[in-house]
Amino acid sequence: MYQYDPIDQALVDERVIQFRDQVDRRINGSLPESEFRPLRLQNGLYLQRHAYMLRVAIPYGLLSSKQLLTLADIADRYDQGYGHFTTRQNIQFNWVELEQTPDILAELAKVEMHAIQTSGNCIRNITSDPFAGVAADEVVDPRPICELLRQWSTLHPEFAFLPRKFKFAINGSTEDRTVLLCHDVGIQLHKDSNGEIVADIYAGGGMGRTPILGNLVHTNLPWQKLPSYLTALLRVYNRFGRRDNLYKARIKILVKALSPEEFARQVNIEWRQIQESDHNFTPAEWQRVAQHFTKPAYQILPSLDAAAVAAQADTSSRPAFQRWLKRNVRAHQIAGYASVVLSLKPHATQAPGDATATQMRAIANLAQAYSFGELRVTHEQNLVLADVEQSQLFALWCAAKKSNLVLPNIGLLTDIIACPGGDFCSLANAKSLPIAKAIQERFDNLDYLFDLGDLSVNISGCINSCGHHHVGNIGILGVDKDGEEWYQITLGGEQGVNAAIGKVIGPSFGALDIPTVMDNILKVYVKERQSDERFIDTYRRLGIAPFKTAAYLNQKLSTELV
Amino acid sequence: MKTTALIEYRLGHRATFIQNEWTVWGLPSAEDKSDQNTSADLPPAGKVIVPFSWWLEHRDTAEITRRTFHSEIAVWFAGTDDVLAHAAVIEKSSVWPLIAVHFPIFTDGRGYSTAALLRERLNWQGNILAIGDVLIDQLRQMSRVGFDQFSLRADQNQTLALKQFSLYSINLQHAWRDSRSQLIQAAKHDCLEDELQAA
């Protein structure tokens, strides 16, 4: 993975010095909270319900064992012994002290990490495919572009105070594992007829209260010109995005108001003036960055078939091991290797995406022992060991089992994506974590979960949509009605190349009703599905009506009748 | 409104405080009541920075022509002013001794793009002065995109202000003041290679 050069290191070191001074001035009172707030947010520091929360960037989801050990130490020394992996490939510490944040940032800088622009109205942490470099369907390894754009966007002087936050996702595969079209800018990499890397640019996607998929605004942009093109695009947004209404300030509103065609035209006019400028990347810069993303030292190994892999397990462990192989292990580009997803979604014992310091250390050691000392964070809030020898899968399973990381529920109903919700977040209208817990408790039977198959459940505690509920097959949104917490259900959302925004089924439900409502909806699927149909396929074939009727069947439900 | 001192940070020089000779006129805030009737009133005597929109309307009057000729009139752009829409006028108007860009509040980032466009697209060579809600924690990024003069909000710490420009020894983007450090480093490397080859 990428390693900082002296320039990158100077930047994070000097950022710590700058922030330490800002914190000092906040504490001595010379910097008022209203003026400190945007500064701390641009360093990932939120003030939540109970304490400060520090959001640390894991750029495009890539993490080394060494870095994860540092995160574990930070969790122990400065927090309450755990961290929360987010839907944007960040990690959050929920219980930090303002005075200590410069020290935490200094610890992070030592392992080439930072919290820069993980919040604020600026370009946020760039996200990408957790299977970058190993996915069988990969066309272009997106990591060098991700890293070049990470550098380009870090402390960008012109775009530190945009109308609103700005999120990039970058994909280089045929499948989409990045929720590309729900980003302010989605960059799809592919190759042109000469084999050169080019980018298709989608703009104006987003979730929040106006969920909308991004529009294609430029095709076949040579990768070198990404900085000048993105400067032009952000300049149009910075100048003309709405600043009068917080809820209409995202770029999606501007793109919609102008029309995607007109927005693209304005960006092009600006870009034509600067497209040959120093903004662009050079081949030397590519070389400097791309050299860090070469393939690791793979062994020449025979490819093992399913039976040979399963045979690694003793008879008593084999059924459980095979379930894990089915759900948590992915095919790899290289013969004899596989990618493994470690589940951070144990049933009801821990919040989705949470890992204790002890688990983090164990995971760091697993990555060291089985996957070249690297791991990836997924936007589904799990962790990936990308390069595991097939012959080591059972040994890894046994080791990971000790840390409660092998629940075979990846992509199943209990692999719930959830924001921290009202238990922590001061923006939330309702709690997310107890809902996730109740669902995991109700649907704890693995046979049933396997029978249901692929099914995404996403929970957001408010319309900011950090739990990506709009793209969940079943989405759950916490809403506030007269000071009470209610939950609205959407159906039919999907991520991937067939990305879709879910539809609201009707009036919202009380927290206690959610597992029953889910059960009612799932019964329709089980009854109506044809052969191998997934939940989303059945939903698309039948439409929302039968699910909606079933959801409101139970008369005892305390359904809100408004 | 007139502050006593400005920071000047010219290209290739150190940042320093200089005496302010300019009065900003027509600000839409409590700082200056004169905006009530700017269209009817004339700006006060001396060196005055007037709203660009006001200047557009009044530039041909005898009074303004005379004062402009004597380098007593400069203009300021509001956040809502689209400098590109007035590109032709601005490019011809090297008559202004400086251009000011107003920040109604420090979190309104439009002024950064305004300054970048003035430098990059409209080739403005004179000073660009930041006015309004100008705080020390934004000085560095302002100075990178095109600003070289700063009228700090009155309560800001002047000693700390000058230190802001040297907080970082590197930059990760190409901007008006400096290129990406990576490009500079690559250029140095190439020079070194050439020298080695020559030797």
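Student: What do the buried residues of α14(A) pack against?

Tutor: This is a predicted model, where local features need pLDDT of at least 70, side-chain atom pairs count only at pLDDT 80 or more, and totals for chains, interfaces and linings use all residues. Residues are numbered from 1 along each chain as its sequence is written, while chains are lettered from A and ligands numbered from 1 in the order in which they are written. Packing here rests on contact: two residues whose C-beta atoms, placed from the backbone, lie within 7 Å. The buried residues of α14(A) pack against β16 (417-418), β17 (457-460), β18 (474-481), β19 (484-491) and α16 (514-528) of chain A. Helices (H or I, at least four residues) and strands (E, at least two) are DSSP runs, numbered from the N terminus.

Student: Which residues of helix α14 of chain A are buried?

Tutor: Buried means 20 or more other C-beta atoms within 10 Å of a residue's own, with C-beta atoms placed from the backbone. In α14 (residues 433-442), they are L433(A), I435(A), A436(A), I439(A) and Q440(A).

Student: Why do they line one face of the helix?

Tutor: An α-helix has 3.6 residues a turn, so residues three or four places apart point the same way. The buried residues of α14(A) fall within an arc of 160 degrees seen down the axis, so they line one face. The arc is that of the directions from the helix axis to the C-beta atoms.

Student: How many residues does each chain give to the contact of chain A and chain B?

Tutor: Chain A gives 31 residues and chain B gives 29 residues. α1(A) supplies the largest share of chain A's side, 6 residues.

Key. A residue is buried if 20 or more other C-beta atoms lie within 10 Å of its own, exposed if 12 or fewer, and partly exposed in between; C-beta atoms are placed from the backbone.
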